[in-house]
Amino acid sequence: MQQGSWAQDDILAVSRRGLDGLIILGTHWLLATLYNHSWRADSLWPTGLAILGLWGFGDANGLYRASRMHNWAEIKALALSWATTCAALVTLAFSIKTSSNYSRVVTFGWFFIAPVSLLAGRIVARALLRRIRRHGWNLQRVALAGACDNTAALCSELTADPWQGVRLVGVYDDRIDPNRRVANDNFPFGGNFAALVAACKAGEVDVVYLNLPLGAQRRTTQVLHSLADTTATVFLVADFFTYDLMCARWSLLGRYPVVSAYDTPFRGRSGWLKRLEDLALGTLILALISIPLLVISIAVKVTSPGPVFFRQRRYGLNGKEIRVLKFRTMSVCEDGPKIKQASRNDSRITPLGRFLRKTSLDELPQFLQVLTGEMSIVGPRPHAVAHNEEYRAVIRGYMLRHKVKPGITGWAQVNGWRGETPEVEMMEKRVQHDMEYIKSWSLFLDVKIIFLTVFGKKKSENAF
């Protein structure tokens with residue numbers, strides 16, 4: 001990258017905002033013109049607010065953070081920012097009673113066409129960037145200081161997408177053995193730390209990623225002090241992944257930066273989105289299953305003696321005890337310190353109960369607990385308290401499942417890990433899938449799990 005590359009990045013950032021603004025204005029004007037809807041002065045107000053909204057929400061979602069954002073991350077940031085902007089515009093229009101002043105066809109057409117046009121504009125812009133970066137403009141010259149176990153992975157991350165305009169100058173380290181390993185992995189070795197400082201002073205390196213072990217504080221401090229005599233931008237690579245973190249995030253304790261080791265993915269915006277999903281889908285599903293709920297209730301009552309519903313103590317969010325509601329499927333209602341898991345050909349299961357358990361219809365009453373907030377539609381399935389206490393003692397990280405609300409269905413269930421767990425290894429597989437869900441949660445993953453719950457081939461495996 002030539003001198004002044006950060007200024008070039010600033011120009012690109014301003015250009016992206018300007019391009020987005022022109023696209024929003026242009027699509028709104030074009031739709032109004034095609035629909036023969038007069039373009040009045042008051043049409044500029046929603047257009048201007050939409051532009052400001054996309055810029056503001058885009059900043060919050062990292063949309064304008066850098067032109068080197070990965071494709072999928074940029075698409076998600078763009079979709080979320082525009083959806084939030086549209087929701088804010090609709091809410092404002094109804095609040096001040098001006099919604100009747102605007103054409104619904106033009107407005108909702110604009111809501112749907114603008115993001116497609118914004119995405120198309122960014123695809124074209126990326127193609128242009130790729131072309132000009134091939135000619136050496138806006139390249140970012142990067143050096144990696146410290147050859148550790150994760151060095152090869154970091155080098156791969158830096159060089160994975162050539163269009164991003166990142167050129168790896170070299171890996172620098174004072175140690176001999178790691179240098180040989182890096183060289184064998186076909187990543188350039190630049191020399192020792194003194195050579196790195198010299199390269200930075202000569203203007204040959206723009207960005208340095210300092211990648212030393214967490215315990216090497218003295219070496220880290222020495223390298224940082226040396227790099228302070230240059231104008232290179234320096235980032236500290238904190239390799240916390242050796243600790244198998246869950247939903248790690250940075251925050252401040254006073255003026256001290258801290259990183260969470262175990263946290264929930266549902267903080268802030270994600271938490272509101274998850275709750276909105278539960279309320280919307282839960283209400284819709286309850287409306288659809290109201291008659292089946294009544295029919296099953298009557299069938300349970302007339303086919304076997306005992307109550308219609310069965311409530312059992314289980315752990316909910318943050319380990320708080322809840323009482324899960326189910327249709328009774330057994331001749332017993334066990335909820336003591338020791339509970340025998342249901343097994344194949346279990347004599348305790350009623351004939352109707354066997355069908356209800358196989359089809360998961362016995363879980364339908366739990367949609368009421370979704371609306372109350374005790375449970376979620378998708379999440380780790382809650383286990384009886386007795387089973388929780390048994391498995392938390394033998395499976396590391398078992399209780400981390402309860403950093404999120406328990407669900408009616410989950411990633412483990414749609415992958416066939418449901419039903420009886422006579423071996424600890426089977427429960428470990430279930431917990432492993434629950435942890436995978438928590439670490440990689442997204443709204444799209446929830447939709448996928450709901451789809452697989454209804455149509456998946458593995459949804460009835462081990463269900464009895």
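This briefing describes the fold, the nonpolar cores and a nonpolar surface patch of one protein. The model is predicted, so local features require pLDDT of at least 70 and side-chain atom pairs pLDDT 80 or more, while totals for chains, interfaces and linings use all residues. Residues are numbered from 1 along each chain as its sequence is written, and side-chain values use heavy atoms, without hydrogens and water.

**Overall fold**
- The protein has 15 helices and eleven strands, taken as DSSP runs (H or I, at least four residues; E, at least two) numbered from the N terminus.
- Of its 464 residues, 44% are buried, meaning under 20% relative accessible area with a 1.4 Å probe and protein chains only.
- Among contacts (heavy atoms within 4.5 Å) with a separation of 6 or more, 70% join residues 24 or more positions apart.

**Nonpolar cores**
- The largest nonpolar core (buried Ala, Val, Leu, Ile, Met, Phe, Trp, Tyr and Cys joined through side-chain atoms within 4.5 Å) holds 35 residues, of which Phe 327, Leu 364, Phe 367, Tyr 437, Ile 438 and Ile 449 touch the most other members.
- Elements that each supply at least two residues of this core include helix H9 (269-303), strand E9 (321-327) and helix H14 (424-439).
- Residues touched by Tyr 437, beyond four places away in sequence, include Phe 266, Val 378, Trp 411 and Ile 449.
- Another core, of 19 residues, lies apart and includes Ala 77 and Leu 118.

**Surface patch**
- Helices H3 (71-95), H4 (104-134) and H15 (443-455) each supply at least two residues of a nonpolar surface patch.
- H15 gives the most, with three residues, while Trp 72, one of the patch members, lies in H3.

Key: Patches are made of residues with over 30% relative accessible area and no salt bridge: like charges are joined within 9 Å, nonpolar side chains (Val, Leu, Ile, Met, Phe, Trp, Tyr) within 5 Å. Accessible areas come from the Shrake-Rupley method with a 1.4 Å probe; for residues, only the protein chains shown count as cover. A salt bridge is a side-chain nitrogen of Lys or Arg within 4 Å of a carboxyl oxygen of Asp or Glu. Buried means under 20% relative accessible area, exposed over 50%, partly exposed in between (1.4 Å probe, protein chains only).
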